[in-house]
Amino acid sequence: MGRKKEKTINLTELEPEEKLKYEIAEELGLLDRVMQDGWKSLTSKETGRIGGMVTGRRREIKKQTKIADENDER
């Protein structure tokens, strides 16, 4: 059985959504493991924590954008 090709990740060329996921993994001290073994190396608890934090950040960004838009209308 063959090995999968290792895909190199360039953190500067990611979509904003993916970049946010990697940033949160780094904050939680999980980025080294993700870069070495992939997302599959994380537990469901760890991936759930990342997902929850991504959702929270998205809400915060949306809230800030809404506030900025309201200020621009004035």
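Is E17 buried, partly exposed or exposed, and at what relative accessibility? Select E17 to begin: at 39% relative accessibility this residue counts as partly exposed, and the tour will come back to its side chain after a look at the surroundings. Keep in mind throughout that the coordinates belong to a predicted model.

**The whole chain**

Zoom out and colour by secondary structure, and the protein chain shows three helices and zero strands, so that, reading from the N terminus on, the order of elements is α-α-α. If you then colour by accessibility, buried residues account for 15% of the 74 residues in the chain. A contact map adds a further view, since among the contacts between residues at least 6 apart in sequence, 38% join residues that are at least 24 apart.

**Helix 1 against helix 3**

Next, select residues 16-27, which form helix 1, together with residues 44-73, which form helix 3, and draw their axes: the two helices pack at an angle of about 120°, with the axes 10 Å apart. Helix 1 and helix 3 are therefore oblique to each other, since an angle that lies between 115 and 145 degrees falls outside the ranges for roughly perpendicular and roughly antiparallel. Looking along the line from one helix to the other, you will find that helix 1 passes helix 3 in a right-handed crossing.

Now show side chains for the residues that make this contact, which are E17, L20, K21, I24, A25 and E27 on helix 1, and I50, M53, V54, R57 and R58 on helix 3. Coloured by class, the contact between the two helices consists of six nonpolar, no polar and five charged residues.

**The salt bridges**

How many salt bridges does the structure hold? There are four, and the following stops visit some of them.

Return to E17 and add R58 to the selection: the side chains of these two residues meet in a salt bridge, with a distance of 2.7 Å from N to O. Because R58 lies in helix 3 and E17 in helix 1, the pair ties together parts that are 41 residues apart in sequence. R58, at 42% relative accessibility, counts as partly exposed, as does E17 at 39%.

Move on to R57 and E27, which form a salt bridge whose closest N and O atoms are 2.6 Å apart. Here too the partners come from two helices, R57 from helix 3 and E27 from helix 1, so the pair ties together parts that are 30 residues apart in sequence. With a relative accessibility of 27%, R57 counts as partly exposed.

Finally, select E18 and K21, where the closest N and O atoms of the salt bridge are 3.3 Å apart. Both residues belong to helix 1, and because they are three residues apart there, about one helical turn separates them. E18 is partly exposed, with a relative accessible area of 29%, and K21, at 25% relative accessibility, also counts as partly exposed. K21 is, moreover, one of the helix 1 residues in the contact with helix 3.

Methods
Residues numbered from 1 in each chain as written. Predicted model: local features only at pLDDT ≥ 70, side-chain atom pairs only at ≥ 80, totals over all residues. Heavy atoms only, no water. Axes fitted to C-alpha atoms, helices over the stretch in contact; angles between N-to-C directions. Helix = DSSP H or I, 4+ residues; strand = E, 2+ residues; numbered from the N terminus. Parallel < 35°, antiparallel > 145°, perpendicular 65-115°, else oblique. Left-handed = near helix turned anticlockwise from the far one by under 90°. Contact = heavy atoms within 4.5 Å. Nonpolar A, V, L, I, M, F, W, Y, C, P; charged D, E, K, R; others polar. Buried < 20%, exposed > 50% of the residue type's maximum accessible area, 1.4 Å probe, protein only.
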